[in-house]
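Reader: I've just started looking at protein models and would love some help reading this one. Could you show it to me, so I can ask my questions?

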Amino acid sequence: QVNNCLGASGVSRVERVTRLEDSAVMEPGAPQESVGVEGMANNLSAARESRKRAELDAQLLANRIALLKQEEEKAWRKIEETRKRATEVMTTRAANEEKFRAKEDFYRGKWESIRQAQA
């Protein structure tokens, strides 16, 4: 009956489950032995280091996001200033063109009146 419980590898199901339980506690790449107090301390230490690295990475990302938001706000302010300046330039240009037309009309009218007076 024992032979019927053995798998293709010749290892019983109970032995396979025990090995799986033991290997679940161990670090990746560690030899297939049970983990003692020292191994658990190493796992705990590695977990702490991993958590610290993750927290540092999260803080660095948060800082980078904040910096990018500041840069975006600065860019939008510059865009708005540029639009405002462009509007001022267009308004000034339109006013200057209107003055130039008025001046042309004045001198054209003056020239026409002089020509009519001479005729």
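**Reading the model together**

Author: Let's start with one side chain: Arg85 has a relative accessible area of 53%, so this residue counts as exposed. Keep in mind that we're looking at a predicted model.

Reader: Okay, so which residue does Arg85 meet in a salt bridge?

Author: Look along helix 3, where Arg85 has a partner three residues away, about one turn of the helix. Their side chains meet with N to O at 3.6 Å, and a salt bridge needs that kind of pair within 4 Å. The partner is partly exposed, with a relative accessible area of 36%. The residue you're after is Glu88.

Reader: Is that partner of Glu80, Arg83, buried, partly exposed or exposed?

Author: Glu80 and Arg83 meet through their side chains in a salt bridge, 3.1 Å from N to O. They sit three residues apart in helix 3, so about one helical turn separates them. Glu80 has 44% relative accessibility and counts as partly exposed. For Arg83 the relative accessible area is 49%, and a residue counts as exposed only over 50%, so the word for Arg83 is partly exposed.

Reader: Which residues are linked with Arg101 in a network of salt bridges?

Author: Start with the pair Arg101 and Glu98, whose closest N and O atoms are 3.0 Å apart in a salt bridge. These two are three residues apart in helix 3, so again about one helical turn lies between them. Arg101 is partly exposed at 41%, and Glu98 is partly exposed at 46%. The residues linked with Arg101 in the network are Glu97 and Glu98.

Reader: How many salt bridges does the structure hold?

Author: We've already met some of them, including Glu80 with Arg83 and Arg85 with Glu88. Arg101 with Glu98 is another one. For the whole structure, the count is six.

Reader: What about aromatic rings: are Phe106 and Tyr107 stacked or edge-to-face?

Author: The protein has one aromatic pair. In this pair the ring centres of Phe106 and Tyr107 are 5.2 Å apart and their planes make an angle of 70 degrees. Planes over 60 degrees apart get their own label, so the Phe106 and Tyr107 pair is edge-to-face.

Reader: And which label goes with Tyr107, exposed or partly exposed?

Author: Its neighbour in the pair, Phe106, has 52% relative accessibility and counts as exposed. Tyr107 comes in at 49%, and exposed would need over 50%. That makes Tyr107 partly exposed.

Reader: Zooming out, what pattern does the protein follow along the sequence?

Author: There are zero strands here, and the protein has three helices. Read along the sequence, that gives α-α-α.

Reader: What share of the residues is buried?

Author: The accessible surface comes to about 11,100 Å², and 56% of it belongs to carbon and sulfur atoms. To count as buried, a residue has to be under 20% relative accessible area. Of the 119 residues in the protein, the buried share is 2%.

Reader: Last one: which helix has the lowest mean pLDDT?

Author: The mean pLDDT of the protein is 82, with 71% of residues reaching 70 or more. Helix 3, residues 37–118, has the highest mean among the elements, at 95. Over residues 1–5 the pLDDT is below 50, and beyond near neighbours in sequence this stretch has three contacts in the model. The lowest mean, 46, belongs to helix 1.

Methods: Residues numbered from 1 in each chain as written. Predicted model: local features only at pLDDT ≥ 70, side-chain atom pairs only at ≥ 80, totals over all residues. Heavy atoms only, no water. pLDDT = per-residue confidence, 0-100. Helix = DSSP H or I, 4+ residues; strand = E, 2+ residues; numbered from the N terminus. Contact = heavy atoms within 4.5 Å. Phe/Tyr/Trp six-rings, centres within 6.5 Å; stacked < 30°, edge-to-face > 60°. Buried < 20%, exposed > 50% of the residue type's maximum accessible area, 1.4 Å probe, protein only. Areas by Shrake-Rupley, 256 points an atom, 1.4 Å probe, with all protein chains shown as cover.
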